[in-house]
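Trainee: Hi! I'm new to this one, could you walk me through a few spots?
Mentor: Happy to, here it is.

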Amino acid sequence: MRLSWRRSSRIEDRFEAWITQQHQQRVLAGETTPTGSCPDDGFLLDLARKSKSIGLSDPRIDHAANCPKCMSRLLEVRERNRTRRQRLAFTAAIAACALIAVSVVVARYALEKRPSSANETVVAQTVNLWDSGTVRGEQPGQLESVSLPAALVRVTIILPRHSTPGLYLVAITRDQNGNGIVAEGTSTTVANGEQQEITTGLDLRKAAAGPYFLSTTHEQDQAAYYYPLQIR
Ligand SMILES: [Zn+2]
């Protein structure tokens, strides 16, 4: 029932469109006689926009509907509005696509940047160098070897006896000449009784397991002390 009504309505629409077209052709061919003079362009623009400010009894509508000049102007305005609407719709679609693309990129980036919780865990370690010698150039072979995990390490170093308080540079190096720095950090000493402690973060996540050196350098002394270190 509703379907057949809809179908007949569509046929009526097409019929009306056909009549309108026939009428337009007649008007444009100059086969009709308009009454009165041509209205101003503003009125024609309003009419093309189907503005509600125009009353249906307005005699200018009757004129425009029968004047070839006004009719062609109306068709021209309507065509221009249609293209503009299409362009707006196109721009909106492009903008929507760009927005989707941006959110996809942002989401992917956020996903990649999210570190796995295991890798991000900070391991606290204490390295006690209290009884290690501070003699420069001393063979570190005799010193107690220190071991750190290949992780984000928050290391607290108890500096050797008689160490100078102040700012220290802590580094993990490949050899005891300071070559091949794997990680480094700085820290100011904190007194703990007789002992001087420094605490710094070291990112050892990319370090391969093996032998390294832990070095401490006092900012004013500039001489680095190396201690053998194992990364496990
Ligand atoms: Zn006219």
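Mentor: We'll go through a helix, a strand and a couple of single residues.

Mentor: This is a predicted model, where local features need pLDDT of at least 70, side-chain atom pairs count only at pLDDT 80 or more, and totals for chains, interfaces and linings use all residues. Residues are numbered from 1 along each chain as its sequence is written, and side-chain values use heavy atoms, leaving out hydrogens and water.

Trainee: Cool. Which residues of helix H2 are buried?
Mentor: In H2 (residues 41–48), they are Phe43, Leu44, Leu47 and Ala48. Buried means under 20% relative accessible area, exposed over 50%, and partly exposed in between, with a 1.4 Å probe and protein chains only. Helices (H or I, at least four residues) and strands (E, at least two) are DSSP runs, numbered from the N terminus.

Trainee: Where do they sit around the helix axis?
Mentor: The buried residues of H2 fall within an arc of 135 degrees seen down the axis, so they line one face of the helix. That arc is taken from the directions from the helix axis to the C-beta atoms.

Trainee: And what covers them?
Mentor: The cover includes helix H3 (59–64) and helix H4 (68–113).

Trainee: What caps the N-terminal end of H2?
Mentor: Asp40 does, with a side-chain oxygen 3.1 Å from the backbone nitrogen of Gly42. After H2 comes Lys50, with a positive phi near 55 degrees.

Trainee: Switching topic: why is strand S4 called largely enclosed?
Mentor: Because five of the seven residues of S4 (residues 167–173) are buried.

Trainee: Which strands does S4 pair with?
Mentor: S4 pairs with S5 (residues 181–188) in the antiparallel sense over seven bridges, and six bridges join S4 to S8 (residues 210–218), also antiparallel. Two strands pair if DSSP finds at least two bridges between them. Thr173 stands opposite Ile181 in S5, while Val170 stands opposite Thr216 in S8.

Trainee: What about His162, buried or exposed?
Mentor: His162 counts as exposed, at 76% relative accessibility. His162 lies in the loop between strand S3 (152–158) and S4, and its phi is near 65 degrees, a positive value in a residue other than glycine.

Trainee: Last one: where is Glu197?
Mentor: Glu197 is in strand S7 (residues 195–203). The side chain of Glu197 makes a polar contact of 2.8 Å with that of Asn192. A polar contact is a pair of N or O atoms within 3.5 Å; within protein, one must be able to donate a hydrogen and the other to accept it, and residues adjacent in sequence count only if both atoms are side-chain atoms.

Terms used
Contact means heavy atoms within 4.5 Å.
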